[in-house]
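Please open the structure in your viewer and keep the selection tool at hand. We will go from one stop to the next, choosing something to select and then looking at what is there.

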Amino acid sequence: MSSLNPRPYPATAHRKLAFIGLGAMGFPMAGHLARAGHTVTVYNRNPAKAQAWVAEFGGSSQPTPRLAAQGADMVLCCVGNDADVRAVLLGEHGALAGLAAGALLVDHTTASVELARELDACARAQGLHFLDAPVSGGEVGAQNGQLTLMCGGAPEAYERARPTLQAYARAVTLMGPSGAGQLTKMVNQICIAGLLQGLSEALAFGQRAGLDMEQVLEVIGQGAAQSWQMQQRGPTMVADRFDFGFAVDWMRKDLGLVLAEARRNGAALPVTALVDQFYADVQRMGGGRWDTSSLVRRLR
């Protein structure tokens, strides 16, 4: 079974690409690039995953990020956190060491603003172009090639990267200078955390009241309460199924970035801080790998 769903790809100039990180998101994202006609070399810390990708999509794999990046017009990275990004992009064996002046580096990892600005400075020092471009849409969005990309960087870097990024995106938007993509993703996660807590409380309330919650969701989904989270996760929350999409462990990582940035800029995030602690409760329940809609489990 294919790890991605076919989609029409916009006609773009052929590029030699390197994709670093073949997790739940990166595997199909890199696959869309190959299906769009680009030459793709991959690197993954687990070589078996890289071999599986090559078996499905062609291209090639390399044992280090530096070797994967050599000769590439553009390197794309999608890993777990700041430390992972530094490990695969910086240092003797990092992708930056393999790039020639003029190449593009795009980091899709949800990471800190500080890291985005650090990478931008490192790239500029080598004559490279850099975008921080975290994504929203989850595994389904990656498989369908329908992600939303929030980019930070110079306009010329964005314009060069955008046609290639459209292979797995429905929207690619430049939000401002380096770091603006990461800040926009933080806004996204604040919204999701609050929405999911509200949805969890509503479902738990309705179930305790004895309502048919599938019918309730169908009715209120036609009105002002409607949201993507309600439409996609409401029925699975009612069914007590939490093996979809974005894991609690990763949401806590993201909210940690949000709360650290809020301490720096003085923003008041009382609801977000509270929901972060609710996710900590879910982790203590053994739900670190459950998806983020599992907040409702605390209330049952």
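Select helix α8 together with helix α11 (residues 248-265), and you will see two helices whose crossing is left-handed. In this predicted model, α8 and α11 pack at an angle of about 115 degrees, and their axes are 10 Å apart. An angle and a distance of this kind are the usual description, since two packed helices are described by the angle between their axes and the distance between the axes. To look at the contact itself, show the side chains of Leu183, Lys185, Met186, Gln189, Ile190, Ile192 and Ala193 in α8, which meet Met251, Asp254, Leu255, Leu257, Val258 and Glu261 in α11. If you colour these residues by class, the contact of α8 with α11 divides into nine nonpolar, one polar and three charged residues.

Stay on α8 and select Ser200, which is found in this helix. Is Ser200 buried or exposed? Its relative accessible area is 0%, and Ser200 therefore counts as buried, a class that takes in values under 20%. Leaving out residues up to four places away in sequence, Ser200 touches Met237, Ser293, Leu295, Val296 and Leu299. If you draw a distance from the C-alpha atom of Ser200 to that of Gly234, you should find 8.6 Å, although the two are 34 residues apart in sequence.

Gly234 leads to the next stop, helix α10 (residues 228-238), where Gln229, Met230, Arg233, Gly234, Thr236 and Met237 are buried. What covers these buried residues of α10 includes α8 (180-208) and α9 (213-220). Now show α9 beside α10: their axes come within 10 Å and cross at roughly 170 degrees. The two helices, α9 and α10, are therefore roughly antiparallel to each other, the cut-off for that word being an angle over 145 degrees. In the contact, Met213, Glu214, Leu217 and Ile220 of α9 meet Met230, Gly234, Pro235 and Val238 of α10. By class, this contact of α9 with α10 has six nonpolar, one polar and one charged residues.

Move on to Asp240, just after α10, in the loop between α10 and α11. What is worth noticing about the backbone here is that Asp240 has a positive phi of about 60 degrees although it is not a glycine. With a relative accessible area of 34%, Asp240 is partly exposed.

Next, select helix α12 (residues 270-284), in which Leu274 lies. Leu274 counts as partly exposed because its relative accessibility is 46%. Between the C-alpha atoms of Leu274 and Phe205 there is a separation of 19 Å, and along the chain these residues are 69 residues apart. Asp281 also lies in helix α12, and with a relative accessible area of 23% this residue is partly exposed. From the C-alpha atom of Asp281 to that of Arg298, 17 residues apart along the chain, the separation is 7.4 Å.

Now turn to another pair of helices, α1 (residues 26-35) and α2 (residues 47-57), whose axes come within 10 Å and cross at roughly 30 degrees. That crossing angle makes α1 roughly parallel to α2, because angles under 35 degrees are counted in that way. The crossing of α1 and α2 is right-handed. Where they touch, Phe27, Ala30, Gly31, Ala34 and Arg35 in α1 meet Lys49, Ala52, Trp53, Glu56 and Phe57 in α2. Sorted by class, the contact of α1 with α2 has six nonpolar, one polar and three charged residues.

For the last stop, consider the interior. In soluble globular proteins, nonpolar side chains tend to be buried together. Which residues touch the most other members of the largest nonpolar core? Select Phe19, Met29, Trp53, Leu76, Leu149, Leu165 and Tyr168, which do so within a core of 35 residues. The largest share of this core, five residues, comes from α1. Then centre the view on Leu149, which, apart from its neighbours within four places in sequence, is in contact with His108, Ala133, Pro134, Val135, Leu165, Tyr168, Ala169, Ala171, Val172 and Thr173. To finish, look for a second, separate core of 24 residues, which includes Ile20, Ala111, Leu128 and Phe130.

Technical notes:
Residues are numbered from 1 along each chain as its sequence is written. This is a predicted model: local features need pLDDT of at least 70, side-chain atom pairs count only at pLDDT 80 or more; totals for chains, interfaces and linings use all residues. Side-chain values use heavy atoms; hydrogens and water are left out. Axes are lines fitted to C-alpha atoms, for helices over the stretch in contact, and angles run from 0 to 180 degrees between N-to-C directions. Helices (H or I, at least four residues) and strands (E, at least two) are DSSP runs, numbered from the N terminus. Angles under 35 degrees count as roughly parallel, over 145 as roughly antiparallel, 65 to 115 as roughly perpendicular and the rest as oblique. A crossing is left-handed if the near helix is turned anticlockwise from the far one by less than a right angle, and right-handed if clockwise. Contact means heavy atoms within 4.5 Å. Ala, Val, Leu, Ile, Met, Phe, Trp, Tyr, Cys and Pro count as nonpolar, Asp, Glu, Lys and Arg as charged, and the others, Gly among them, as polar. A nonpolar core is a set of buried Ala, Val, Leu, Ile, Met, Phe, Trp, Tyr and Cys residues joined through side-chain atoms within 4.5 Å. Buried means under 20% relative accessible area, exposed over 50%, partly exposed in between (1.4 Å probe, protein chains only).
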